Amino acid sequence: GSSGINAEWPLRPGRTQAVKKLQLTLPDFRKICILKGIYPHEPKKKRKLAKGSSAPKTFYYAKDIQYLAHEPLLQKFAETKIFVKKVKKALGREELDTVQRVRDAKPQYTLDHVVKERYPNFADAIKDLDDSLCLIFLFSTMPRQGKVQPGIINKCRILAVQFMHYCIAAKCVKKVFVSIKGIYVQVEIDGNDISWIIPHQFTTPPPSNIDFRVMLSFLELYTTVLGFVNFKL
């Protein structure tokens with residue numbers, strides 16, 4: 001019976017319902033899922049959950065959506081939505097004083113609590129550092145005249161240089177070799193092998209079909225993680 005499905009797979013059908021429940025825009029929903037490490041799941045009886053429809057649908061565990069509902073960042077996302085509306089309204093009326101005043105009051109937030117939740121101790125953060133380093137080093141080599149704000153590129157450069165300084169000082173570099181994709185580096189920190197690629201400076205600009213919004217959400221999390229790691233090292 002249907003109770004058997006629910007016990008085996010307590011899913012909330014459809015991303016649309018999850019977005020509605022959390023009162024988020026789709027981009028904000030994607031962002032919060034990336035930051036909190038929440039992923040969709042593929043149910044065994046998909047047609048039954050989708051009420052016979054064969055249209056592509058994304059499913060999430062109900063407990064995961066419930067977990068997201070208590071996230072303090074949701075409030076910040078709501079405040080940012082109001083902030084953007086106010087800026088657009090003031091710009092439309094050409095009220096430059098108001099625009100400046102509203103911009104000065106832009107909602108701020110940090111991901112410190114998210115990082116501490118996902119990586120309760122230093123060893124957890126070190127074990128999961130490969131992806132962080134790959135993305136941060138990729139953005140650190142991006143041209144300043146592109147789609148990405150120069151401030152983000154600078155932040156990545158600073159974090160990358162700090163980490164490399166530590167690796168050189170600690171003499172923990174194990175392997176380095178050059179490939180077509182870039183310079184492959186492997187280091188050992190606290191008994192863990194960490195590998196990443198530093199792209200060549202002369203590589204072609206990133207393809208236009210890349211979803212920068214998604215990448216920047218990951219980057220926001222990864223720069224916070226590497227900031228903590230550099231501080232501890």
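These legends go with a set of close-up views of a predicted model.

**View 1. The largest nonpolar core, with F29 as a way in.** This core counts 50 residues, and those touching the most other members are F29, L129, F139, F163, V187 and W196. Helix 12 (residues 212-232) supplies the largest share, 8 residues. Zoom in on F29 and, leaving out neighbours within four places in sequence, you'll find R15, A18, V19, L22, L24, Y60, I65 and L68 in contact with it. As a bit of background, nonpolar side chains tend to be buried together in soluble globular proteins.

**View 2. The largest pocket and what lines it.** The volume here comes to about 1,400 Å³. Its lining is made up of 34 residues, with K31, T80, K106, Y109 and E220 nearest the centre. Helix 3 (26-36), helix 6 (73-92), helix 11 and helix 12 are the elements that each put two or more residues into the lining. Helix 12 gives the largest share of that lining, with 8 residues. Sorted by class, the lining has 13 nonpolar, 8 polar and 13 charged residues.

**View 3. The salt bridge between E220 and K31.** It's one of 7 salt bridges in the structure. The closest N and O atoms of E220 and K31 sit 2.9 Å apart. E220 belongs to helix 12 and K31 to helix 3, so this pair ties together parts that are 189 residues apart in sequence. E220 counts as partly exposed because its relative accessibility is 23%, while K31 is buried at 16%.

**View 4. E117 meets K36.** The N to O distance in this salt bridge is 2.5 Å. With E117 in helix 8 (residues 112-118) and K36 in helix 3, the pair ties together parts 81 residues apart in sequence. K36 is buried, with a relative accessible area of 6%, whereas E117 is partly exposed at 38%.

**View 5. A salt bridge from strand to strand, E188 with K174.** These side chains meet at 3.7 Å, N to O. E188 is in strand 4 and K174 in strand 3, 14 residues apart. Both count as partly exposed, E188 at 37% and K174 at 43%.

**View 6. Two loop residues with a positive phi, K171 and D190.** Most residues other than glycine have a negative phi. K171, though, has a phi of about 50°, and so does D190. K171 is in the loop between helix 11 (150-169) and strand 3 (173-178), and D190 is in the loop between strand 4 (182-189) and strand 5 (192-199). K171 counts as exposed at 74% relative accessibility, as does D190 at 62%.

Notes. Residues are numbered from 1 along each chain as its sequence is written. This is a predicted model: local features need pLDDT of at least 70, side-chain atom pairs count only at pLDDT 80 or more; totals for chains, interfaces and linings use all residues. Side-chain values use heavy atoms; hydrogens and water are left out. A nonpolar core is a set of buried Ala, Val, Leu, Ile, Met, Phe, Trp, Tyr and Cys residues joined through side-chain atoms within 4.5 Å. Buried means under 20% relative accessible area, exposed over 50%, partly exposed in between (1.4 Å probe, protein chains only). Helices (H or I, at least four residues) and strands (E, at least two) are DSSP runs, numbered from the N terminus. Contact means heavy atoms within 4.5 Å. On a 1 Å grid over the protein atoms alone, a cavity is a set of points where a 1.4 Å probe fits but cannot get out, and a pocket is an open set with protein on both sides within 12 Å along at least five of seven lines; lining residues have an atom within 4 Å of a point. Grid points are joined across faces, edges and corners, and a volume is the space filled by probe spheres set on the points. Ala, Val, Leu, Ile, Met, Phe, Trp, Tyr, Cys and Pro count as nonpolar, Asp, Glu, Lys and Arg as charged, and the others, Gly among them, as polar. A salt bridge is a side-chain nitrogen of Lys or Arg within 4 Å of a carboxyl oxygen of Asp or Glu.
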